[in-house]
Amino acid sequence: IEIDEKSEKLRIRISNSVDMLMGCKNRMCITDDSNELVLLYEGALRHIKHLYMLNLERLQIKDE
């Protein structure tokens, strides 16, 4: 895969991860269920970790 194609696919994955994180955040603000709130918090943590890893990958591609 060419660097440009790899970068574009990574950009899409980053965008999707940001959308999922925002969805968790937004849902946390409207839920009335404490069990759901816990699940959303845990999900947001997973999404932020994934976002971090994707951006590390982005930086590595940039350095190639």
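This section describes the fold, the core and selected residues of a predicted model. Because the model is predicted, local features are given at pLDDT of at least 70 and side-chain atom pairs at pLDDT 80 or more, while totals for chains, interfaces and linings use all residues. Residues are numbered from 1 along each chain as its sequence is written, and side-chain values use heavy atoms, with hydrogens and water left out.

The chain contains 2 helices and 0 strands; helices (H or I, at least four residues) and strands (E, at least two) are DSSP runs, numbered from the N terminus. Helix 1 covers residues 3-28, and helix 2 covers residues 34-63. The length of each helix was compared with an expected span, defined as 1.5 Å times one less than its number of residues. For the 26 residues of helix 1 this span is 38 Å, and the end C-alpha atoms are 37 Å apart, which agrees. For the 30 residues of helix 2 the expected span is 44 Å, and the end C-alpha atoms are 44 Å apart, which also agrees.

The C-alpha trace of the chain spans about 45 × 15 × 15 Å along its principal axes. The radius of gyration, taken over C-alpha atoms, is 15 Å, whereas a compact globule of 64 residues would have a value near 11 Å. The globule rule used here is 2.2 Å times the number of residues to the power 0.38. The accessible surface of the chain comes to about 5100 Å², of which 58% belongs to carbon and sulfur atoms. Accessible areas come from the Shrake-Rupley method with a 1.4 Å probe, and for residues only the protein chains shown count as cover.

Residues were sorted by relative accessible area: buried means under 20%, exposed over 50%, and partly exposed in between (1.4 Å probe, protein chains only). Of the 64 residues of the chain, 20% count as buried. In helix 1 the buried residues are Leu10, Ile14, Ser17, Leu21 and Cys24. In helix 2 they are Leu40, Gly43, Ala44, His47, Leu51, Leu54 and Ile61. The cover of the buried residues of helix 1 includes helix 2, and that of the buried residues of helix 2 includes helix 1. Contact here means heavy atoms within 4.5 Å. Among contacts between residues at least 6 apart in sequence, 66% join residues at least 24 apart.

In soluble globular proteins, nonpolar side chains tend to be buried together. A nonpolar core is a set of buried Ala, Val, Leu, Ile, Met, Phe, Trp, Tyr and Cys residues joined through side-chain atoms within 4.5 Å. The largest such core in the model has 9 residues, namely Leu10, Ile14, Leu21, Cys24, Leu40, Ala44, Leu51, Leu54 and Ile61. The elements giving two or more residues to this core are helix 1 and helix 2, and its largest share, 5 residues, comes from helix 2. Within the core, Ala44 is in contact with Leu21 and Cys24, leaving aside its neighbours within four places in sequence.

His47, in helix 2, counts as buried because its relative accessibility is 19%. Not counting residues up to four places away in sequence, His47 touches Ser17, Met20, Leu21 and Cys24. Glu57 also lies in helix 2 and is partly exposed, at 27% relative accessibility. With the same exclusion of residues up to four places away, Glu57 touches Leu10 and Arg13. The C-alpha atoms of Glu57 and Leu10 are separated by 8.2 Å, although these residues are 47 apart along the chain.

Ser7 lies in helix 1 and has a relative accessible area of 30%, so Ser7 is partly exposed. Its C-alpha atom is 7.2 Å from that of Ile61, 54 residues apart along the chain. Glu5, also in helix 1, is partly exposed at 38% relative accessibility. Glu5 and Ser15 are 10 residues apart in sequence, and their C-alpha atoms are 15 Å apart in space.

The structure holds 0 disulfides, a disulfide being a pair of cysteine sulfur atoms within 2.5 Å. The sulfur of Cys24 is 11 Å from the closest cysteine sulfur, in Cys29, which is too far for a bond. Cys24 is buried at 10% relative accessibility, whereas Cys29 is exposed at 64%.
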